[in-house]
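Reader: I'm new to this one and would love a close look at a single part. Could you walk me through it slowly?

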Amino acid sequence: MNLENVEEILAKYKHNESQIISILQEVQVLHNYLPEEALKYVAERLNMPLARVYGIATFYKTFSLEPRGEHLIRVCLGTACHVRGGPRILETAERILGIKADETTPDYKFTLESVNCLGCCALGPVMVVDDEYYGKLPPANVEKILRQYGYSSSNKEEKDD
Amino acid sequence: MTKRKLKSPSDLEKLRQEILSKRDPKKSCITLCSGTGCRAYGSEKVVAAFQEEIRKQNLADEVDIRVTGCHGFCEKGPLAVIYPEEICYTEVNTEDVSDIVSQTMREGQIIDRLLYKDPNTGEKIIRESEIPFYKHQTRRIFGNNLKIDPKNIEDYIALDGYSALVRALFELTPEQVIDEVKKANLRGLGGGGFPTGIKWETTRNAPGEPKYVIVNCDEGDPGAYMDRSLMEGNPHSVIEGLIIGAYAIGSHEGFIYVREEYPLAVENTTIALDQARKYGFLGRNILGSGFDFDISIYRGAGAFVSGESSALTSVLEGKVGKPKPKYVHTAVSGLWEKPTNLNNVETWANVPPIINKGADWFASIGTEGSKGTKIFSLVGKVNNTGLVEVPMGMTLREVIYGIGGGIIKGKKFKAVQTGGPSGGCIPESLLDLPVDFDELTKVGSMMGSGGMIVMDEDTCMVDVARYFLSFLREESCGKCVPCREGIKRMLEILTDITEGRGKEGDIELLEEVSEVLRDASLCALGTTAPNPILTTIKYFRDEYEAHIKYKKCPAGVCKELIEYLIDLEQCTGCHRCVVNCPEEAITGEKKKGETYKIDQSKCIKCGVCLDVCKFDAVEVR
């Protein structure tokens with residue numbers, strides 16, 4: 001693994017351990033997840049026990065220790081979305097993709113997550129694919145949207161095999 | 001834009017005059033909301049279309065475009081307001097842009113189709129401030145969002161920005177600043193309600209150097225987004241408040257902690273900090289006063305509990321954001337065990353007006369115990385979703401019906417939830433409750449950061465309690481046993497009730513476990529976790545009993561307790577439900593409505609049939 005770009009990130013934050021969250025966030029942007037080697041490298045360079053870096057990487061919702069899909073689907077389950085039918089959007093996406101929340105399709109095309117509130121409650125229920133928002137969303141439209149991002153039933157079937 | 005560093009109050013005054021002299025209040029200016037809500041509607045494309053259209057029509061010299069933060073009326077976004085006439089257009093999309101430029105901005109004509117229509121009277125309203133949603137608000141803090149491009153410090157300076165800082169640094173001693181804030185009786189608007197001036201004084205007097213000041217923008221309550229909108233839309237007001245607080249407390253280093261779900265707030269705050277530094281509001285010898293202060297910004301990574309003050313200081317130290325036991329307050333021993341003052345975004349934003357206009361002005365509105373205004377995010381099953389700033393003490397009814405325009409589709413109001421996962425659900429019988437810190441606590445809820453989630457007859461209150469407990473189970477840091485285990489057990493009981501396995505004694509058991517959490521949890525996440533359960537039991541006990549005794553969900557929400565049925569009288573046999581059912585659970589012969597049937601053994605209760613039916617022929621029972 002190329003750790004030079006991780007070193008660049010560390011340098012940007014002046015190897016300051018109090019900036020560990022921002023450092024890990026940027027590493028995750030780079031690799032789409034937090035690879036073990038990168039975590040070990042960060043721990044070593046910041047002179048922090050690996051256990052502490054691991055603790056942070058697993059405490060916060062934003063970090064993933066597993067590779068994630070090409071497209072990130074986030075379904076808002078904030079209170080406003082909850083009362084406006086957010087859970088049904090999530091269930092529909094789960095059913096279509098054949099995965100549960102916080103899982104990735106076997107072909108690494110989609111990762112499905114729920115979020116606690118995106119703060120655009122007027123649009124509830126909301127689903128966000130990458131950076132595109134789909135608001136006031138009827139569950140029946142979920143599949144059509146996922147197709148725009150290359151969903152076909154094959155994403156699901158691979159898993160059934 | 002002047003890039004020179006301001007070295008004295010008179011430099012700032014000169015700059016302000018220079019900015020104002022270049023601005024013609026009669027010049028046509030279109031203000032486009034570009035908060036997170038409007039962006040989600042596609043406002044960035046609208047902004048680009050305006051820039052292009054104005055260039056095309058050669059109007060660049062005659063009209064200004066101002067891209068602002070959130071205006072608050074999120075329901076009707078994207079929003080555009082044209083000054084000086086204050087013409088408000090709602091739900092503007094790219095196709096409307098050329099009409100707005102050629103008809104309104106060039107000719108002064110009003111475009112009827114884009115005006116807000118009062119759903120009650122059918123009347124079209126032209127001026128923004130005449131729209132009922134805005135008319136009944138008192139926008140002391142949030143109002144400037146409409147007048148400011150958050151990426152341009154000069155917009156803030158033009159509105160007397162940083163004049164409170166000058167007054168604090170050059171006319172008042174730190175003690176006088178604290179006295180003014182104490183006299184105003186400003187209380188922590190993040191939910192705690194602790195008197196801000198007393199907190200500042202404690203930090204100032206606590207032994208130990210250096211001292212730190214922190215802006216808490218870890219707005220974790222789901223359904224609340226006023227802090228984000230202030231941080232995005234008017235970051236300098238928060239920064240100015242923080243510098244004044246730092247001066248009063250004797251701190252030279254400050255932090256702004258922003259939740260990771262708020263990228264735009266991080267972006268705008270970073271720009272604002274750079275600009276404040278360039279202009280000399282941050283750094284060494286601020287405006288020649290001899291006072292040094294600077295601010296760094298930190299991003300969170302998605303953990304509700306990290307907004308708790310002692311947990312937040314752990315995050316800034318590069319540790320896992322878990323709360324610490326509070327034998328000693330953060331004000332005495334916080335960040336790196338030094339005296340630390342932490343306030344929420346809205347609290348800091350209230351400081352400059354208090355210093356400028358005085359404690360008496362601030363306290364001239366509000367209730368006995370809660371002064372000034374509070375911004376609420378009014379969301380859920382309400383017609384006018386948005387951000388609402390009202391004097392403390394306005395009743396729930398005035399907020400929900402007067403400003404919020406009542407319940408969506410004329411449904412029946414059931415409850416309003418305030419205070420986030422630590423708050424409670426307030427029933428219809430208490431709609432005339434004046435909203436302030438103390439009244440909300442009296443009825444078992446709390447102010448919290450200001451989320452106000454409206455629920456209607458289709459909301460199941462047991463499911464709502466289960467929702468909050470499942471939220472809290474995920475967010476409990478697991479450090480103390482009562483919270484870690486108690487929430488888990490209560491969630492199990494609630495899940496059983498919603499799935500038809502509830503039994504006699506469950507309600508009492510929930511109450512008993514709640515008491516343990518209240519008494520024995522380490523931080524407020526645990527001690528307040530029972531609130532959603534206790535208030536729903538208190539005000540909606542019949543719903544619990546319907547689930548437990550009769551295995552029914554009166555609101556038709558809890559899947560295990562409901563059935564989808566076809567109303568054969570309404571069914572026209574259009575076949576839409578059959579085509580859309582993912583489980584092939586519906587059968588029937590086309591155009592013969594009376595033949596349609598749902599096979600309950602196949603039905604997964606996904607509700608697709610209900611959504612696609614155009615004839616109201618699917619019922620939930």
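How many bridges join strand E1 (residues 71-76) of chain A to strand E3 (residues 110-115) of chain A, and do the two run parallel or antiparallel?

Author: Happy to. You're looking at a predicted model, where local features need pLDDT of at least 70, side-chain atom pairs count only at pLDDT 80 or more, and totals for chains, interfaces and linings use all residues. Residues are numbered from 1 along each chain as its sequence is written, chains are lettered from A and ligands numbered from 1 in the order in which they are written, and side-chain values use heavy atoms, leaving out hydrogens and water.

Now, your strands: E1 of chain A (residues 71-76) and E3 of chain A (residues 110-115) run parallel, joined by six bridges. One residue to find is A:Cys76, whose bridge partner in E3(A) is A:Val115. Strands (E, at least two residues) and helices (H or I, at least four) are DSSP runs numbered from the N terminus, and two strands pair if DSSP finds at least two bridges between them.

Zoom out a little and you see an open sheet of five strands in chain A. Reading across, the order is E2-E3-E1-E4-E5, and the pairing is mixed. At the edges of this sheet stand strand E2 (103-104) and strand E5 (132-134) of chain A. Each has a single partner strand, so one side of each is left without a neighbour in the sheet.

A handy way to stay with this part is A:Tyr151, in the loop between helix H7 (142-148) and helix H8 (154-160) of chain A. Among the residues A:Tyr151 touches is A:Phe110, and 110 is where the residue range of strand E3 begins. Touching, or contact, means heavy atoms within 4.5 Å. Leaving aside residues up to four places away in sequence, A:Tyr151 also touches A:Ile96, A:Leu97, A:Glu143 and A:Leu146. A:Ile96 is 55 residues from A:Tyr151 along the chain, yet 9.2 Å separates their C-alpha atoms. A:Tyr151 has 7% relative accessibility, so it counts as buried. (Buried is under 20% relative accessible area, exposed over 50%, partly exposed in between, with a 1.4 Å probe and protein chains only.)

Chain A also meets chain B. Look for B:Glu75, in the loop between strand E2 (63-68) and strand E3 (80-83) of chain B. B:Glu75 touches A:Arg84, A:Ala122 and A:Lys136, and its contacts in chain B include B:Tyr41 and B:Glu91. With 10% relative accessibility, B:Glu75 is buried as well.

While you're in chain B, check out the aromatics. The whole structure holds 17 aromatic pairs over all chains. In B:Phe133 and B:Tyr134, the ring centres are 5.2 Å apart and the planes sit at 85 degrees, so this pair is edge-to-face. (Rings of Phe, Tyr and Trp, using its six-membered ring, pair if their centres lie within 6.5 Å; planes under 30 degrees apart are stacked, over 60 edge-to-face, the rest tilted.) B:Phe133 is buried at 0%, and B:Tyr134 is buried at 7%. The rings of B:Tyr212 and B:Phe255 have centres 5.9 Å apart and planes at 55 degrees, so that pair is tilted. This second pair links distant parts of the chain, 43 residues apart: B:Tyr212 is in strand E7 (residues 212-217) of chain B and B:Phe255 in strand E8 (residues 253-258) of chain B. Both B:Tyr212 and B:Phe255 are buried. Back at the edge-to-face pair, B:Phe133 and B:Tyr134 form one aromatic cluster with B:Phe73 and B:Tyr116.
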